[in-house]
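Q: Could you take a close look at one helix here, covering its ends, its surroundings and how it packs against a neighbour?

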Amino acid sequence: MTDARQHQRHPGGEDAPHPPGPHDALTDVPGLRVGHAQRIGDGWLTGTTVVLAPEGGAVAAVDVRGGGPGTRETDALDPRNLVQRIEAVVLTGGSAFGLDAASGVVHWLEEQGRGFRVGPDPAQVVPVVPAAALFDLGRGGNWQARPDAALGREAVAAAARTAPGTPVPQGNTGAGTGATAGGFKGGIGTASAALPSGITVAALTAVNAAGSFADPHTGALYGAPDPLPSPEVHAAARHRLAEARETSAARMAASVRPPLNTVLAVVATDAALTRAQAQKLAGTAHDGLARALRPVHLLNDGDAIFALATGARPLASAEALADPVFGVHLEAGALNEIFDTGAAVLTRAIVKAARAATSVDGPGGVFPSYTDLYGPGE
């Protein structure tokens, strides 16, 4: 076990005790699929991302800590409530308007006979589809260009077409299409970790923060241990970033100038978790968000993290967990490792989003990428 826990350097992220899965992505959790859909150009710069659970759904929970959330069906995830498993989670642009994307996912799932059974006919299902929206209104130039049900259907269909374990596109795609972070271009990022127990923990995020993923004094990414940029590179980058902000302010309507944002994420595992344990995973994952972005959880953010547990792997053997002396401690130790790793993979996912994003110069503003300003890093 000691060798498996040796710290390894992850490309694009912090030092972490566990190696990544095959694709360093959310889809390393068996059964999970990811689909993106976006609209770019002619006033559009927005999109939707759908995480599709295996047939039969996954245990789900959510923890919302931003002061300006835009959500749908999050109350259904309270451990005290009826629905035990959900079939999909939607992350979308478009602020509250973009929550319409979830309707397209609901109808697609109904056509597949997937959802909460409410009658004897297999077609009598009500899909419960939690969703959260980030603010990207006007960033393509058209205030009314936002995701709708058709875009949600496109995203879930894209997820369904992927083979198990497919790599996940990152950067300017899906819900990250119009995302920004502290003046930089934001986007989609994903990461995973394989624990010695065989359990996988992974995260996917759409980074659209009022805060920044880079230290304004040095240019270093908060969540990555790379060498500091040189003072000359940092000075040039700050100058270009300031120019971009001035240009964006001139191009954007006054109503969209405030830093209205939101970071959305899904943290997932193939471990067998109860809904209360999944909710704890969503909560501790916010630590990973706070390590990679500063500040977070502001009134202008709607930061929300969903947790999914497919239940394919037990925390430990039934015999070990049944031990009257050590069973509860064994379970707590296994859960703590999952919770800690969930925060770590979210930090890396945010760093990967920063590096995967590409610059945008359009009618809604200029949003330079971190990589264009500081280089690709290690």
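A: A bit of vocabulary before we dig in: a crossing of two helices is right-handed if the near helix is turned clockwise from the far one by less than a right angle, and left-handed if anticlockwise. Keep in mind that this is a predicted model.

The helix to look at is α3, residues 149–161. With 13 residues at 1.5 Å a residue, α3 should span 18 Å, and its end C-alpha atoms are indeed 18 Å apart, so the two values agree. Right at the start of α3, Asp148 gets involved: one of its side-chain oxygens comes to within 3.2 Å of the backbone nitrogen of Ala150.

Now for what's tucked away. The buried residues of α3 are Leu151, Gly152, Ala155, Val156, Ala157, Ala158 and Ala159. Among the elements covering them are two strands, β3 (33–41) and β4 (44–52), plus the helix α2 (101–111).

That last neighbour deserves its own paragraph. The axes of α2 and α3 are 6 Å apart, and the two helices pack at an angle of about 50 degrees. That angle makes α2 oblique to α3. As for the handedness defined above, α2 and α3 cross in the right-handed sense. On the α2 side, the contact is made by Ala101, Ser103, Gly104, Val105, His107, Trp108 and Glu111. From α3, the residues taking part are Ala149, Gly152, Arg153, Val156, Ala157 and Ala160. Gly152, Val156 and Ala157 are thus named in this contact and also listed as buried.

Conventions. Residues are numbered from 1 along each chain as its sequence is written. This is a predicted model: local features need pLDDT of at least 70, side-chain atom pairs count only at pLDDT 80 or more; totals for chains, interfaces and linings use all residues. Side-chain values use heavy atoms; hydrogens and water are left out. Helices (H or I, at least four residues) and strands (E, at least two) are DSSP runs, numbered from the N terminus. The expected span of a helix is 1.5 Å times one less than its number of residues. Buried means under 20% relative accessible area, exposed over 50%, partly exposed in between (1.4 Å probe, protein chains only). Contact means heavy atoms within 4.5 Å. A polar contact is a pair of N or O atoms within 3.5 Å; within protein, one must be able to donate a hydrogen and the other to accept it, and residues adjacent in sequence count only if both atoms are side-chain atoms. Axes are lines fitted to C-alpha atoms, for helices over the stretch in contact, and angles run from 0 to 180 degrees between N-to-C directions. Angles under 35 degrees count as roughly parallel, over 145 as roughly antiparallel, 65 to 115 as roughly perpendicular and the rest as oblique.
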